[in-house]
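User: Could you take a close look at one helix for me, and then at the charged side chains elsewhere in the chain? I'd like one connected walk-through.

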Amino acid sequence: MSIETESLKTILTKCIQARAAWLDEPHTSAFRLFNGFIEGEPDLVADIYGRTLVLYNYADDPATAQAKVITAQEVILEQLNWIAAVMVKTRRAYRGDERSGKLTFGEKPDRKARENGVWYALDLDLNLDSSLYLDTRNLRTWAKDHLSGKRVLNTFAYTGSLGVAAQAGGASQVIQIDLNRRFLNLAKDSFTLNGFPVHKEDFVSADFWLYINTLKRQSQLFDCVFVDPPFFSVTDQGRVDLVSNSQQMINKVRPLVAHDGWLVTINNALFVSGQEYYQMLQTLCADGYMQIEDLIPAPDDFTGFPSTRKGYSPVNPAPFNHSTKIAILRVKRKDEKTA
């Protein structure tokens with residue numbers, strides 16, 4: 001065994017031990033087992049979904065990290081003998097099926113995971129990602145704890161996990177909007193897993209810019225609006241760019257937030273510093289009709305632990321704890337404030 005391989009085995013073992021709290025039966029949860037970007041091996045990431053291990057090869061030249069992926073699979077299967085399936089996602093592969101994931105061990109990946117008492121449907125080879133974002137787990141907890149009786153709009157919903165958490169917390173209505181119908185179908189599956197009624201009209205496949213305009217024309221108001229856009233996308237109606245137009249998207253949905261409601265904004269642009277993003281939010285709040293109520297941290301398993309952390313983000317995320325920057329904004333409406 002090479003020194004490099006021995007070193008990787010040591011690193012993985014230490015990171016697995018640091019996550020002992022997540023390793024108990026019944027093995028239905030989802031968490032990050034190894035974050036190579038900040039735990040010593042930037043070409044490699046390992047996530048657990050139920051009894052399925054998902055390994056990500058992030059190398060610019062995937063072939064250069066293939067031995068690391070094989071070693072990681074061997075080490076993790078040896079130490080976590082309850083894992084029933086392994087999927088490898090090669091992020092810069094030429095073939096699409098290799099980017100979305102190929103099974104390298106076991107017969108089939110898990111189709112659901114349980115978090116904070118809530119089931120989330122999974123389709124682990126649906127996309128480059130694994131259909132459930134682990135860095136927003138604490139925000140799902142916030143949604144479950146705060147949105148009882150509230151009307152919620154989840155924009156850029158992807159597979160709808162934030163909306164599922166809101167519904168689990170007793171929201172009166174959750175509208176999920178995403179351009180991709182396939183993603184929304186998984187959101188419906190999550191509703192069904194939890195015994196929530198599925199109202200088809202609340203799962204809207206539409207362009208963000210067009211649909212927000214429709215809601216404004218209808219004078220719709222929501223107690224909470226989530227804005228969790230992709231890093232970059234362009235349609236005929238508008239452009240999403242987390243580096244340059246986060247402020248535009250926040251202002252776009254702001255009129256839809258009811259008095260004393262929440263606007264929850266997420267920016268995961270790696271090269272947007274925490275201070276830069278925070279200052280942008282402060283600028284938006286300068287008129288007194290919106291304030292930063294809370295910052296939601298990424299969970300420890302995602303950020304690494306003091307005993308396992310070996311690297312740092314390219315830019316400083318402070319006052320956030322990770323490049324996934326989550327802010328809860330409380331909104332006041334002018335018509336209510338002056339009444």
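Analyst:
**Helix α8 and the salt bridges**

Let's start with helix α8, which covers residues 208–217 and has Phe208, Trp209, Tyr211, Ile212 and Leu215 as its buried residues. Look down the axis of α8 and those buried residues fall within an arc of 170°, so they line one face of the helix. Keep in mind that this is a predicted model.

The ends of α8 are worth a look too. At its start, Asp207 points a side-chain oxygen to within 2.9 Å of the backbone nitrogen of Trp209, and Trp209 is one of the buried residues just listed. After the helix comes Ser219, with a positive phi near 60°.

Now for the charged pairs. The model has 15 salt bridges, and three of them make a nice set to go through.

Take Asp97 and Arg95: their side chains meet in a salt bridge, at 2.5 Å from N to O. Asp97 counts as partly exposed because its relative accessibility is 30%, which lies between the 20% and 50% cut-offs. Arg95 is partly exposed as well, with a relative accessible area of 44%.

Next up are Arg140 and Glu115, whose side chains form a salt bridge at 2.7 Å, N to O. This pair ties together distant parts of the chain: Arg140 sits in helix α5 (residues 137–146) and Glu115 in strand β6 (residues 112–115), 25 residues apart. Here the burial is clear on both sides. Arg140 has a relative accessible area of 1%, so it is buried, and Glu115, at 7%, counts as buried too.

Then there's Asp123 with Arg182, a salt bridge at 3.7 Å from N to O. Again the pair links distant parts of the chain, with Asp123 in the loop between β7 (118–121) and α5, and Arg182 in helix α7 (residues 181–193), 59 residues apart. The two partners sit in contrasting surroundings: Asp123 is buried, with a relative accessible area of 12%, whereas Arg182 is partly exposed at 48%.

One last thing about the charged residues: Glu115, Arg137, Arg140 and Asp301 are joined into one network by salt bridges that share partners. So the buried pair of Arg140 and Glu115 belongs to that network.

Notes. Residues are numbered from 1 along each chain as its sequence is written. This is a predicted model: local features need pLDDT of at least 70, side-chain atom pairs count only at pLDDT 80 or more; totals for chains, interfaces and linings use all residues. Side-chain values use heavy atoms; hydrogens and water are left out. Buried means under 20% relative accessible area, exposed over 50%, partly exposed in between (1.4 Å probe, protein chains only). Helices (H or I, at least four residues) and strands (E, at least two) are DSSP runs, numbered from the N terminus. The arc is that of the directions from the helix axis to the C-beta atoms. A polar contact is a pair of N or O atoms within 3.5 Å; within protein, one must be able to donate a hydrogen and the other to accept it, and residues adjacent in sequence count only if both atoms are side-chain atoms. A salt bridge is a side-chain nitrogen of Lys or Arg within 4 Å of a carboxyl oxygen of Asp or Glu.
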